[in-house]
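The following report describes the fold and selected residues of one protein chain. It is intended to be read alongside the sequence and the structure shown here.

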Amino acid sequence: MSNRRAVLAGLGGLGATSLAGCVTQGGGATAGLIAPARPGFVVPALAPLKMSADRITKITVCLRPFRAAGPRLDVERVGDKRVVHNYGHGGSGWSLSWGSSTIAAGKALEGGTREVAVIGCGALGLTSALLLQRAGAKVTIYAKERTPQTRSFRATGTWSPDSRVADADKVGPDFPALWEEMARTSYATYQTLLGLPGEPVSWSDRYTLFDGANEGHSHVEGAVRFAEYGGRLKDIVPSSRDLPAGAHPFPVGRVRHGVSMQFNVTELAHRLTSDFLAEGGKIVAMTFGTPADLARLKEPVVVNCTGYGARALWKDETIVPVRGQIAWLAPQPEVRYGLYYKHVSVLPRPDGIVVQYVGESDMWGYGVAEEQPDRAEAEGAVTTIARLFA
């Protein structure tokens, strides 16, 4: 009896009658046998998010380097150095890093060069350095800051390969195919990092909530038509679907569910750095004021992965800052899902719950270079999500 109770308890009491066997009808012992119903699966309840301003541990701001023409991947001569550029990925730096860096590394190695300098220690710098090193090059990263101090470290950490990556009206005709190549290469590479200790890369459920007031983004006169290429990856990226009423706990009229890849940026950056150093790479602290400072380097080839910093270093006015702020709440290990509601995005990470107001239009933060945290914006975003769990 105790074993039976345990089984029923494990099924949440569902299908208890059906486990008792067949039921007879019409009075006969063998008449009208009804097959037992199959017990339903029990889905654990979603752990509630603890949304309150007193759980905010920090507020960070990142300036994403948007270029209307897309990431810069050309080659130029600076004195006696051949410079390969690899920057300007908007909000898609981590997502496109392996694909973009594969292209940059290939250009750097043209001509048989085997000594390469990488400038920058963010997402593009780390992946470029590792790929070059694994292709047989001797690589040194030169950077003012280690990864935890870079803007890459302040990224949301979600798979977003076409987030403000280009202006659809300003890209060349070959760019969509180039973007797809970068995205597919990165996606395949990140698959190899799934299931590792520390979960540098993982999957999480995502819920998009609609209540009639947030069905889309508002139009802004003169807005950039940011490129959207997600349809080119339909064969490899999981799709989403609407959930029927009663299949979710959220107090809204419509819920869409999907799964998405996410990055534990803290662990991912640590792993990439450790791998680079363990495989013979070096990281040297160095600050560059102008391209002429590259003359101090002994390497004949330089891969420039300075991200938003390239705007000042290279005097690249094509880079436009897109401000994004994150409120970090104390971690909740029991929460394994993200959600989007009323223009606020929430993502659970081992280092904290990421809460970000993304604005009512895609132009939110566009052209804003202010990196001072806005406490009111952070608390407003937290309050918006808190209403779901009141």
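Thr127 counts as buried, at 0% relative accessibility; buried means under 20% relative accessible area, exposed over 50%, and partly exposed in between, with a 1.4 Å probe and protein chains only. Thr127 is found in helix α3. Helices (H or I, at least four residues) and strands (E, at least two) are DSSP runs, numbered from the N terminus. The side chain of Thr127 reaches the backbone oxygen of Leu124 at 3.3 Å. Such a polar contact is a pair of N or O atoms within 3.5 Å; within protein, one must be able to donate a hydrogen and the other to accept it, and residues adjacent in sequence count only if both atoms are side-chain atoms. Apart from its neighbours within four places in sequence, Thr127 is in contact (heavy atoms within 4.5 Å) with Ser97, Trp98, Ser101 and Leu272.

This is a predicted model, in which local features need pLDDT of at least 70 and side-chain atom pairs count only at pLDDT 80 or more, while totals for chains, interfaces and linings use all residues. Residues are numbered from 1 along each chain as its sequence is written, and side-chain values use heavy atoms, with hydrogens and water left out.

**The chain as a whole**

The secondary structure of the chain comes to seven helices and 14 strands. Of the 390 residues in the chain, 47% are buried. Among contacts between residues at least 6 apart in sequence, 78% join residues at least 24 apart.

**Strand β5 and its partners**

Five of the six residues of strand β5 (residues 138-143) are buried, so this strand is largely enclosed by the rest of the structure. The chain arrives at β5 from β4 through helix α3 (residues 123-134), and this β-α-β crossover is right-handed. The term means that, with the strands pointing away from the viewer, the path from the first strand over the helix to the second runs clockwise. Strand β4 (residues 115-119) pairs with β5 in the parallel sense over five bridges; two strands pair if DSSP finds at least two bridges between them. Within this pairing, Val116 stands opposite Val139 in β5. β5 also pairs in the parallel sense with strand β9 (residues 282-285), over four bridges, and here Thr140 stands opposite Lys282 in β9.

**The eight-stranded sheet**

An open sheet of eight strands, with mixed pairing, has the order β1-β11-β14-β13-β12-β6-β8-β7. Its edge strands are β1 and β7 (241-242), each of which pairs on one side only. Strand β6 (residues 201-210) and strand β8 (residues 254-263) run antiparallel and are joined by ten bridges. Arg206 stands opposite Gly258 in β8.

**Helix α7**

Helix α7 (residues 375-386) has twelve residues and reaches 16 Å from its first C-alpha to its last, close to the 16 Å expected at 1.5 Å a residue. The expected span is 1.5 Å times one less than the number of residues. At the N-terminal end, Asp374 caps α7, with a side-chain oxygen 3.0 Å from the backbone nitrogen of Ala376. The buried residues in α7 are Glu377, Ala378, Ala381, Val382, Thr384 and Ile385. Seen down the axis of α7, its buried residues fall within an arc of 155 degrees, so they line one face of the helix; the arc is that of the directions from the helix axis to the C-beta atoms. These buried residues pack against β1 (56-67), β11 (319-329), β12 (337-341), β13 (344-349) and β14 (352-357).

**Residues in loops**

Val220 has its place in the loop between β6 and β7. Its C-alpha lies 8.6 Å from that of Asp362, although the two residues are 142 residues apart in sequence. Leaving aside neighbours within four places in sequence, Val220 is in contact with Ser361 and Met363.

Lys315 has a positive phi of about 50 degrees although it is not a glycine. His343, likewise not a glycine, has a positive phi of about 70 degrees. The table gives the location and accessibility of the loop residues.

| Residue | Loop | Relative accessible area | Class |
|---|---|---|---|
| Val220 | between β6 and β7 | 31% | partly exposed |
| Lys315 | between α6 (310-313) and β11 | 57% | exposed |
| His343 | between β12 and β13 | 9% | buried |
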